[in-house]
Amino acid sequence: MGRRIVFEVEGVKAVAELQEDLSPKATAAFWDALPIDTKLMHAKWSGEVSFFRPGPGLAKITDLENPVCSIYPGTLVMRPNGTEALMAYGVGEYRWGIGTDYTTRIARIVENAKPFLAVLRRMHDEGEKQIKVTRAET
Amino acid sequence: MKQITIEVEGVAVTAKLNDEVAPKVVGLVWRSLPLTAPLRHARWSGSAAYLSAPELRDPALAPENRVSFPRPGTLCLLASEGEIMFAYGGECQARTRAGNVWVSHFGEIEGDTTRFFALLAETQSKGRKTMTIRSVEG
């Protein structure tokens with residue numbers, strides 16, 4: 001079992017496992033950047049997706065690792081340089097103004113996905129929220 | 001020339017409808033007025049908000065005066081979904097989860113749009129609003 005992290009939005013928590021086998025550099029940098037407490041916004045190009053800015057600690061990750069375009073529900077992905085970390089609650093694909101682009105997988109929710117993703121889905125109607133990301137206690 | 005008023009949270013703008021280049025689309029919109037419906041931020045199309053109403057849905061209606069990159073202040077209908085799209089600035093392209101789509105450019109907002117555009121943009125951070133569209137009797 002890999003290292004685990006906890007997402008929390010409006011008191012609803014979900015546990016996710018880092019995708020260390022797929023993205024060793026990015027997941028290591030993400031782990032070092034925890035805890036994160038920041039604004040969570042709804043995406044405007046990538047579909048049923050929320051995103052946050054994980055902070056300057058991820059700036060050193062300049063390359064993609066095993067890149068993907070589709071963002072599966074409950075999967076956290078990140079752009080190079082840590083500019084954005086995104087999680088889909090439904091149909092998601094990383095896009096911006098000029099089209100589709102690649103991301104690196106960081107983590108996948110393994111506990112309490114359904115209630116947590118329901119909170120993200122409400123953002124389209126309710127607007128931005130605050131997200132906390134912490135290391136799971138072992 | 002047909003005109004409408006569009007109001008969100010007490011801020012109203014006037015728009016002229018392009019009967020000559022989009023007669024069927026203007027007819028569909030005109031018959032739907034007055035219309036009060038939810039306004040949400042685009043999830044796939046960038047810097048735009050959209051009003052969604054079943055009265056505006058007509059999957060058989062082919063695009064008229066078609067565009068893909070709406071300018072701020074233009075009124076565009078995606079008849080297949082029953083959505084009017086309002087680009088407010090920055091980058092915007094009409095898209096769905098399946099990719100780029102054509103929308104019917106059927107009107108233009110006139111006058112100062114500063115406060116109106118700010119409310120459209122705010123749907124990303126603050127969530128859904130309510131929009132009302134009325135015909136201007138002339």
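Start by selecting A:Pro24: at 44% relative accessibility, this residue counts as partly exposed, because that label covers values between 20% and 50%. Keep in mind as you click around that this is a predicted model. A:Pro24 sits in helix H1 of chain A, which covers residues 24-33. Now add A:Lys132 to the selection and draw a distance between the two C-alpha atoms: you should get 22 Å, for a pair that is 108 residues apart along the chain.

**Next stop: helix H2 of chain A**

Select residues 113-126 of chain A, which make up H2. Does the length fit what you'd expect, and what span should those 14 residues have at 1.5 Å a residue? They should span 20 Å, and the end C-alpha atoms are 20 Å apart, so the two agree. Colour the buried residues of this helix and you'll pick out A:Phe116, A:Leu117, A:Val119, A:Leu120, A:Met123 and A:His124. Step just past the helix to A:Gly127, where phi is positive, near 90°.

**Across to chain B**

Show both chains and look at where they meet. The contact draws on 22 residues of chain A and 23 residues of chain B. About 1,800 Å² is buried between the two chains, with carbon and sulfur atoms giving 46% of that. Select A:Lys44, A:Trp45 and A:His124 next: together they supply 39% of the area chain A buries against chain B, more than any other three residues. You've already met A:His124 as one of the buried residues of H2(A).

For the polar side of things, there are 17 residue pairs in polar contact between the chains, both partners at pLDDT 80 or more. The salt bridge count between chain A and chain B is four. To view a salt bridge, select A:Glu48 and B:Arg43, whose side chains meet at 3.9 Å, N to O. On the chain A side, the elements giving two or more residues to the contact are strands S4 (47-52), S6 (85-92) and S7 (95-96), plus H2.

**Last stop: the cores**

Nonpolar side chains tend to be buried together in soluble globular proteins. Which residues touch the most other members of the largest nonpolar core? Select B:Ile6, B:Leu51, B:Phe86, B:Phe106, B:Phe116 and B:Met131, out of 35 residues in that core. Then zoom in on B:Phe106: beyond its neighbours within four places in sequence, its contacts include B:Leu17, B:Ala22, B:Val25, B:Leu75 and B:Ile84. A second, separate core has 31 residues, among them A:Ile61, A:Leu76, A:Met78 and A:Phe116. A:Phe116 takes you back to H2(A), where it is one of the buried residues.

Terms used:
Residues are numbered from 1 along each chain as its sequence is written. Chains are lettered from A and ligands numbered from 1 in the order in which they are written. This is a predicted model: local features need pLDDT of at least 70, side-chain atom pairs count only at pLDDT 80 or more; totals for chains, interfaces and linings use all residues. Side-chain values use heavy atoms; hydrogens and water are left out. A nonpolar core is a set of buried Ala, Val, Leu, Ile, Met, Phe, Trp, Tyr and Cys residues joined through side-chain atoms within 4.5 Å. Buried means under 20% relative accessible area, exposed over 50%, partly exposed in between (1.4 Å probe, protein chains only). Contact means heavy atoms within 4.5 Å. Helices (H or I, at least four residues) and strands (E, at least two) are DSSP runs, numbered from the N terminus. The expected span of a helix is 1.5 Å times one less than its number of residues. Buried area is the accessible area (1.4 Å probe) that two parts lose on being put together, summed over both. A polar contact is a pair of N or O atoms within 3.5 Å; within protein, one must be able to donate a hydrogen and the other to accept it, and residues adjacent in sequence count only if both atoms are side-chain atoms.
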